[in-house]
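Visitor: I would like to go through this model term by term. For each label, please give me the value and the criterion behind it.

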Amino acid sequence: QVQLVESGGRLVQTGYSLKLSCVASGSTFSSYAMGWFRQVPGKEREFVTSITGDGAFTFYTDSVKGRFAISRDNAKNTVFLQMNALKPEDTAVYYCAARLETSMVYDYWGQGTQVTVSS
């Protein structure tokens with residue numbers, strides 16, 4: 001079992017930066033690939049970015065490439081999402097998720113943190 005708690009979401013203006021954090025507890029953190037997803041009311045949850053357990057590989061959806069960066073600190077059981085050059089369309093609830101490296105399914109989810117970008 002893995003428990004995930006996100007933090008860092010708030011209201012910012014267009015062009016500003018924001019860094020989200022997600023702290024994990026309950027299992028061997030480095031065994032899990034971590035992902036960030038986001039959801040807007042009335043729309044499906046979408047993949048934003050992910051990182052492998054050892055931090056060696058990262059993946060991004062096209063709309064955030066060059067602006068967002070995912071990283072992790074396995075010693076602190078924490079994954080980060082650095083968001084730069086924020087746009088109003090980045091407004092969403094951001095969720096942290098975990099999956100075993102051997103699985104394709106994210107089994108564990110945080111409660112979400114609201115990011116609002118004003119124009």
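Visitor: What percentage of the 119 residues in the protein do buried residues make up?

Guide: This is a predicted model, and in it buried residues make up 43% of the 119 residues. The label requires a relative accessible area under 20%.

Visitor: What makes the protein as compact as a globular protein of that length?

Guide: First the make-up: the protein has zero helices and 11 strands. The radius of gyration is 13 Å, and the globule rule gives 14 Å for 119 residues; the two are close, so the protein is as compact as a globular protein of that length. Along the principal axes, the C-alpha trace spans about 40 × 25 × 25 Å.

Visitor: What share of the contacts between residues at least 6 apart in sequence join residues at least 24 apart?

Guide: That share is 55%. A contact here needs heavy atoms within 4.5 Å.

Visitor: Why is Ser17 called partly exposed?

Guide: Its relative accessible area is 38%. Buried would need under 20% and exposed over 50%, so a value in between is called partly exposed. Ser17 sits in the loop between strand E2 (11-13) and strand E3 (18-25).

Visitor: Which residues does Ser17 touch, not counting those up to four places away in sequence?

Guide: Ser17 touches Gln82, Met83, Asn84, Ala85 and Leu86. By contrast, the C-alpha atoms of Ser17 and Gln1 are separated by 32 Å, with their positions 16 residues apart along the chain counted as the offset.

Visitor: Ala85 is on that list. Why is Ala85 called partly exposed?

Guide: The relative accessible area of Ala85 is 36%, and the label covers values between the 20% and 50% cut-offs, so it applies. Ala85 belongs to the loop between E8 and strand E9 (92-100). It has a positive phi of about 50° although it is not a glycine.

Visitor: How do you know that E7 and strand E8 pair?

Guide: Pairing requires at least two bridges between the strands. E7 and strand E8 (residues 78-83) have six, in the antiparallel sense. Ile70 stands opposite Leu81 in E8. The two strands form a hairpin with four residues between them.

Visitor: What is notable about the phi of Asn77, and why is Asn77 called partly exposed?

Guide: Asn77 has a positive phi of about 50° although it is not a glycine, and it lies in the turn of the E7 and E8 hairpin. Its relative accessible area is 23%; that is not under 20% and not over 50%, so the residue counts as partly exposed.

Visitor: How do the side chains along strand E7 alternate?

Guide: In strand E7 (residues 68-73), Phe68, Ile70 and Arg72 point to one face and are buried. Ala69, Ser71 and Asp73 point to the other face and are not buried.

Visitor: How do you know that E5 pairs with E4 and with strand E6?

Guide: The criterion is again at least two bridges. Strand E4 (residues 32-39) and strand E5 (residues 46-51) have five, while E5 and strand E6 (residues 58-60) have three. Both pairs run in the antiparallel sense. Ser50 is the bridge partner of Gly35, and Phe59 in E6 is the bridge partner of Ser50.

Visitor: Which residues in these two hairpins have a positive phi?

Guide: In the hairpin of E4 and E5, Gly42 takes a positive phi near 85°. In the turn between E5 and E6, Gly55 has one of about 80°.

Note on methods:
Residues are numbered from 1 along each chain as its sequence is written. This is a predicted model: local features need pLDDT of at least 70, side-chain atom pairs count only at pLDDT 80 or more; totals for chains, interfaces and linings use all residues. Side-chain values use heavy atoms; hydrogens and water are left out. Buried means under 20% relative accessible area, exposed over 50%, partly exposed in between (1.4 Å probe, protein chains only). The radius of gyration is taken over C-alpha atoms; the globule rule is 2.2 Å times the number of residues to the power 0.38.
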